[in-house]
Amino acid sequence: MGVTDFSDEFKEQVFYLWHSGGRKQGQDFVNLLPTHIDGRKPARNTIILWIKEGGWEERADALDAE
């Protein structure tokens with residue numbers, strides 16, 4: 001598994017935590033994350049990458065509009 005390889009289920013869990021937590025992406029947010037099944041946590045830069053490449057802002061905006 002590479003540095004940024006995490007299961008899709010874990011990424012979804014992080015997305016919903018990020019969204020419900022006010023869309024924060026700082027180290028305090030990362031520290032609060034659960035660990036992945038293999039015991040790792042994503043780095044702050046990994047979260048930022050997921051936000052950009054995963055369209056998280058748009059998804060969160062759509063959830064907020066509901």
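**Group meeting: a four-helix chain and its salt bridges**

The chain exposes about 4,300 Å², and carbon and sulfur atoms supply 52% of that area. Before going further, note that this is a predicted model.

I will start with the overall layout. The chain has 4 helices and 0 strands, so there is no sheet to discuss, given how strands are assigned here. Along the sequence the pattern reads α-α-α-α. The C-alpha atoms fill a box of roughly 35 × 20 × 20 Å along the principal axes. For 66 residues, a compact globule would have a radius of gyration near 11 Å, and the chain has 11 Å, so the two agree. Of the 66 residues, 29% count as buried. Among contacts with a separation of 6 or more, 61% come from residues 24 or more positions apart.

Next, helix α3. Which residues of α3 are buried? They are Thr46, Ile47, Ile48, Trp50 and Ile51. The buried residues of this helix pack against α1, α2 and α4. As background, an α-helix has 3.6 residues a turn, so residues three or four places apart point the same way.

Take isoleucine 48 as one of that set. Isoleucine 48 sits in α3, which spans residues 44-53. Its relative accessibility is 18%, and it counts as buried because the cut-off is under 20%. In space, the C-alpha of isoleucine 48 is 9.3 Å from that of glycine 26, with their positions 22 residues apart in sequence.

Asparagine 45 is also in helix α3. Is asparagine 45 buried or exposed? Asparagine 45 is exposed, at a relative accessible area of 58%. Its C-alpha lies 13 Å from that of asparagine 31, and the two are 14 residues apart along the chain. Just after α3 comes glycine 55, which takes a positive phi of about 65°.

Moving back along the chain, lysine 41 is in the loop between α2 and α3. Lysine 41 is partly exposed, with a relative accessible area of 36%. What does lysine 41 touch, leaving out residues up to four places away in sequence? The list is Phe6, Val30, Asn31, Leu32, Leu33, Pro34 and Thr35. Of these, Phe6 can be given a distance: lysine 41 and phenylalanine 6 are 35 residues apart along the chain, and their C-alpha atoms are separated by 9.0 Å.

Now the charges. There are 8 positive and 12 negative charges in the chain, and their mean positions are 6 Å apart. How many salt bridges does the model contain? The count comes to 5.

Arginine 23 takes part in a network of salt bridges that links Arg23, Glu57, Asp61 and Asp64. Two pairs in that network are worth going through.

The first pair to look at is arginine 23 with aspartate 61, whose side chains meet in a salt bridge at 2.9 Å, N to O. Aspartate 61 lies in helix α4, residues 56-65, while arginine 23 lies in the loop between α1 (8-20) and α2 (27-32), so the pair ties together parts that are 38 residues apart in sequence. Aspartate 61 is partly exposed, with a relative accessible area of 44%. Arginine 23 is partly exposed too, with a relative accessibility of 21%. That value falls outside the buried class because buried requires under 20%.

The other pair is arginine 23 with aspartate 64, where the salt bridge is 2.7 Å, N to O. This pair also links distant parts of the chain, with arginine 23 in the loop between α1 and α2, aspartate 64 in helix α4, and their positions 41 residues apart. Aspartate 64 counts as partly exposed at 48% relative accessibility.

Aspartate 38 and arginine 40 form another salt bridge, with the closest N and O atoms 2.8 Å apart. Aspartate 38 counts as partly exposed at 39% relative accessibility. Arginine 40 counts as partly exposed as well, at 23%.

To recap: α3 puts its buried residues against α1, α2 and α4, and arginine 23, in the loop between α1 and α2, is joined by a salt bridge to aspartate 64 in helix α4. That is where I will stop.

Terms used. Residues are numbered from 1 along each chain as its sequence is written. This is a predicted model: local features need pLDDT of at least 70, side-chain atom pairs count only at pLDDT 80 or more; totals for chains, interfaces and linings use all residues. Side-chain values use heavy atoms; hydrogens and water are left out. A salt bridge is a side-chain nitrogen of Lys or Arg within 4 Å of a carboxyl oxygen of Asp or Glu. Helices (H or I, at least four residues) and strands (E, at least two) are DSSP runs, numbered from the N terminus. Buried means under 20% relative accessible area, exposed over 50%, partly exposed in between (1.4 Å probe, protein chains only). The radius of gyration is taken over C-alpha atoms; the globule rule is 2.2 Å times the number of residues to the power 0.38. Contact means heavy atoms within 4.5 Å. Accessible areas come from the Shrake-Rupley method with a 1.4 Å probe; for residues, only the protein chains shown count as cover. Lys and Arg count as positive and Asp and Glu as negative; His and the chain ends are not counted. The place of a charge is taken as NZ of Lys, CZ of Arg, CG of Asp or CD of Glu.
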